[in-house]
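Hi,

Here's the structure I said I'd pass along. Have a look when you get a minute, and my notes are underneath.

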Amino acid sequence: MTRRHLVLAGVGHAQLDLLALLVRQPMHGWTVSLVTPQPAFHYSGMLPAIVAGAVGPDAAQIPVTAIARAAGMHVLDDAVTALDAAAHTITLRSGAALSFDLLSLDVGSGVAHTNVPGVVEHAFAMRPFSAALALVAALDRALASAPRGSEVPAVVVGGGAAGIEIACAMRARIHAAQRLPRVTIVDATARDGLPLAGFAPASRRLAHRALVSRGIALVAGAVTAVRADAVLTDSIAHAELPSVATAWVAGPAAHPWLARSGLACDARGYPLAAATLALNAEATILGGGDCITLRDAIETPKAGVFAVRMAPVLANNVRALALGERELTQYVPQASFLALLSLGDGAALLRWRGLTLESRWAQRLKTRIDERYLRRYRALPV
């Protein structure tokens, strides 16, 4: 009997439950391959603590390839560069082609606005995780060469939740090194002087106060170029901002190969997913996380809190299809979610429905949630 082939492309927040399910309940008659360029999954919720220096990089790590190998899966240290949905094949960065009967995509997103001069050469994206670690290394080099007590300037491009967390974390790292932080957030959507576009006014005002109290400036403007030592903007008052380390947190962009895959995509190039997370009519390709757009909820943010809720639906439906079942679970995006933004100094911003506050217990709550999430998957056999 010919074995059928299930391919897991990428391991993000949405794919972890499927990996865990396949470890605990192997599927007879199926060969399972995992394609990922990273040997470990790094939980994005821990990134601010890593940048701040509160924990090391290993604190966010789940050894996904070791888990997959221990479960008898075929692991390819590679990345997808093309998908032919009609032919049921993917092409890998190594040049290899891989056929599949069932494909589950969780390949994340690329980085938006990399056409701005100097971004690729001089700015550090927060994805993949190795790029975020490169930002930390660059900041540490600058701190090592700066005299104690001297001013150290840094810029974060993007004033969303991730941008605020990274700015506060960089400030904390500079402060811990006994230098004077001069951190600036540049945000093209902050024309009203407030960060967190899309959040409720109360949350935006509280976030602004938190930044001001920590000496973090907010510049409303678009970046026109990035140099090794500065960020240039279209703001007349802040046309040139010195920066020894520039974090690029300007939002996601779809991988270009997705738009060429034959899958129906939105205007930005993200495949359109049904509520079952199927990406084609035959339901032989499914996807989750921020590499897809929900056909019936296109405004759903590409954020980890939604990917985590997609994970059990993706796992259930991939397994059901592999076993020949047609009754699939539907994912309905949550109407509201708990937002916890680390401020780098032991406090966090909390937003839950109508409640918005800043406190240290909010950071302790975030830490407990993050640690509990990591323990779920670290308990898998290696």
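Below is what I found for two residues and one pair of helices.

Before anything else, keep in mind that this is a predicted model.

Let's start with Thr81. This residue sits in strand β6, which covers residues 80-84. Its relative accessibility comes out at 34%, so Thr81 counts as partly exposed, given that the partly exposed class lies between the 20% and 50% cut-offs. Leaving out residues up to four places away in sequence, Thr81 touches Thr91, Leu92, Arg93 and Trp257. The Trp257 contact is a nice one to pull up in your viewer: Thr81 and Trp257 are 176 residues apart along the chain, yet 6.3 Å separates their C-alpha atoms.

Next up is Ser203, which you'll find in helix α7 (residues 201-213). Is Ser203 buried or exposed? Ser203 counts as buried because its relative accessibility is 5%, and the buried class is anything under 20%. With residues up to four places away in sequence again set aside, the contacts of Ser203 are Leu196, Arg351 and Thr356.

Last, the helix pair. Helix α1 (residues 16-24) packs with helix α10 (residues 360-378) at an angle of about 35°, and their axes are 10 Å apart. On the α1 side, the residues involved are Leu16, Asp17, Ala20 and Arg24, and they meet Tyr373, Arg376 and Tyr377 of α10. Sorted by class, the contact between α1 and α10 has four nonpolar residues, three charged ones and no polar ones.

Cheers

How values were computed
Residues are numbered from 1 along each chain as its sequence is written. This is a predicted model: local features need pLDDT of at least 70, side-chain atom pairs count only at pLDDT 80 or more; totals for chains, interfaces and linings use all residues. Side-chain values use heavy atoms; hydrogens and water are left out. Helices (H or I, at least four residues) and strands (E, at least two) are DSSP runs, numbered from the N terminus. Buried means under 20% relative accessible area, exposed over 50%, partly exposed in between (1.4 Å probe, protein chains only). Contact means heavy atoms within 4.5 Å. Axes are lines fitted to C-alpha atoms, for helices over the stretch in contact, and angles run from 0 to 180 degrees between N-to-C directions. Ala, Val, Leu, Ile, Met, Phe, Trp, Tyr, Cys and Pro count as nonpolar, Asp, Glu, Lys and Arg as charged, and the others, Gly among them, as polar.
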